[in-house]
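Subject: Structure for your review

Dear colleague,

Please find below the structure I promised to hand over. My notes on what was found in it follow directly after.

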Amino acid sequence: MSDADQLHPRPVGIDELLDRVRAGYERVGPVEAAAEADEGALLVDIRYAALREKDGLIPGALVVERNELEWRLDPQGSHRVPQAVSHDLRVVVICNEGYASSLAVASLRQLGLHRATDLTGGFQAWRAAGLPVAP
């Protein structure tokens, strides 16, 4: 690869980018995410406020706006949440339908959170599976 190619890689569409990102880890379904939460995994809801108000919350999930996610979950960061104690923390990121969460996981993995994953289908899949939702 030439220096020019490194500076200006070939553009990709969002579908290809999602495929590339998701190839690097295993996503989880709603039932698996619930079981992992019972075993200590941190569920992180990155949906924006209007969706949380409209559809409700997953009980026990930590709500972190997407634009604050890296700062709140970086175990080395000065703005981290109390739960962000280790790069070994299992994090399951949840957006509305399971797209933005995949890109968020890529960013968390770059920070060293090597066990981060996301919920396939997002909050909508959680609710469709009949799992608990609080108003």
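Strands S1 and S2 pair in the parallel sense, over two bridges. Please bear in mind throughout that this is a predicted model. Within that pairing, aspartate 45 stands opposite valine 63 in S2. Together with helix H4, S1 and S2 make a right-handed β-α-β unit.

**The strands**

S1 covers residues 42-45 and also pairs with S3, again in the parallel sense, here over four bridges. Two of the facing positions may help you to find your way: leucine 42 has valine 91 as its bridge partner in S3, and valine 44 stands opposite valine 93.

S3, which spans residues 91-94, is joined in turn to strand S4 (residues 117-118) by two bridges, and these two strands run parallel. Valine 93 appears here once more, opposite aspartate 118 in S4. A second right-handed β-α-β unit can be traced in this part of the chain, made by S3, helix H6 (residues 100-110) and S4.

Are the two faces of these strands covered or not? In S1 both faces are covered, with Leu42 and Val44 on one side, Leu43 and Asp45 on the other, and all four residues buried. S3 is likewise covered on both faces: Val91 and Val93 point to one side, Val92 and Ile94 to the other, and all of them are buried.

**The nonpolar cores**

In soluble globular proteins, nonpolar side chains tend to be buried together. The largest nonpolar core in this model has 20 residues, and those that touch the most other members are Val44, Ile46, Leu69, Leu73, Val91, Val93 and Leu108. Two or more residues of this core come from each of S1, helix H5 (69-73), S3 and H6. H6 gives the largest share, with three residues.

Leucine 73 is a useful residue from which to view the surroundings. Leaving aside residues up to four places away in sequence, leucine 73 touches Leu42, Val44, Leu62, Val81, Ala84, Val91, Leu108 and Leu113. Another core, of 12 residues, lies apart from the largest one and includes Val28, Ile58, Ile94 and Phe123.

**Valine 105**

Valine 105 lies in helix H6. This residue counts as buried because its relative accessibility is 0%, and the cut-off for buried is under 20%. Beyond residues up to four places away in sequence, the contacts of valine 105 are Tyr25, Val93, Ala116, Thr117 and Asp118. Two of these, Val93 and Asp118, are also the facing pair between S3 and S4. From C-alpha to C-alpha, valine 105 is 11 Å from arginine 90, a residue 15 places away in sequence.

**The salt bridges**

Side chains of opposite charge can pair when their charged atoms come close. How many salt bridges does the structure hold? There are 10 salt bridges in the structure, and a few are described here.

Arginine 90 pairs with glutamate 36, with 2.6 Å between the closest N and O atoms. Because arginine 90 lies in the loop between H5 and S3 and glutamate 36 in helix H3 (residues 30-38), this pair ties together parts that are 54 residues apart in sequence. Both arginine 90 and glutamate 36 are buried.

Glutamate 65 and arginine 52 also meet through their side chains, at 3.1 Å from N to O. The pair links distant parts of the chain, since glutamate 65 is in the loop between strand S2 (62-63) and H5 while arginine 52 is in helix H4 (residues 49-55), 13 residues apart. Glutamate 65 counts as partly exposed, at 28% relative accessibility, whereas arginine 52 is buried, with a relative accessible area of 16%.

In a further salt bridge, glutamate 68 pairs with arginine 72, and their closest N and O atoms are 3.5 Å apart. Glutamate 68 is partly exposed at 32% relative accessibility, and arginine 72 is also partly exposed, with a relative accessible area of 25%. Finally, Arg10, Glu16 and Arg20 are linked in a network of salt bridges.

With kind regards

Note on methods:
Residues numbered from 1 in each chain as written. Predicted model: local features only at pLDDT ≥ 70, side-chain atom pairs only at ≥ 80, totals over all residues. Heavy atoms only, no water. Buried < 20%, exposed > 50% of the residue type's maximum accessible area, 1.4 Å probe, protein only. Pairing = 2+ DSSP bridges. Right-handed = clockwise from strand over helix to strand, strands pointing away. Core = buried A, V, L, I, M, F, W, Y, C linked by side-chain atoms within 4.5 Å. Contact = heavy atoms within 4.5 Å. Salt bridge = Lys/Arg side-chain N within 4 Å of Asp/Glu carboxyl O.
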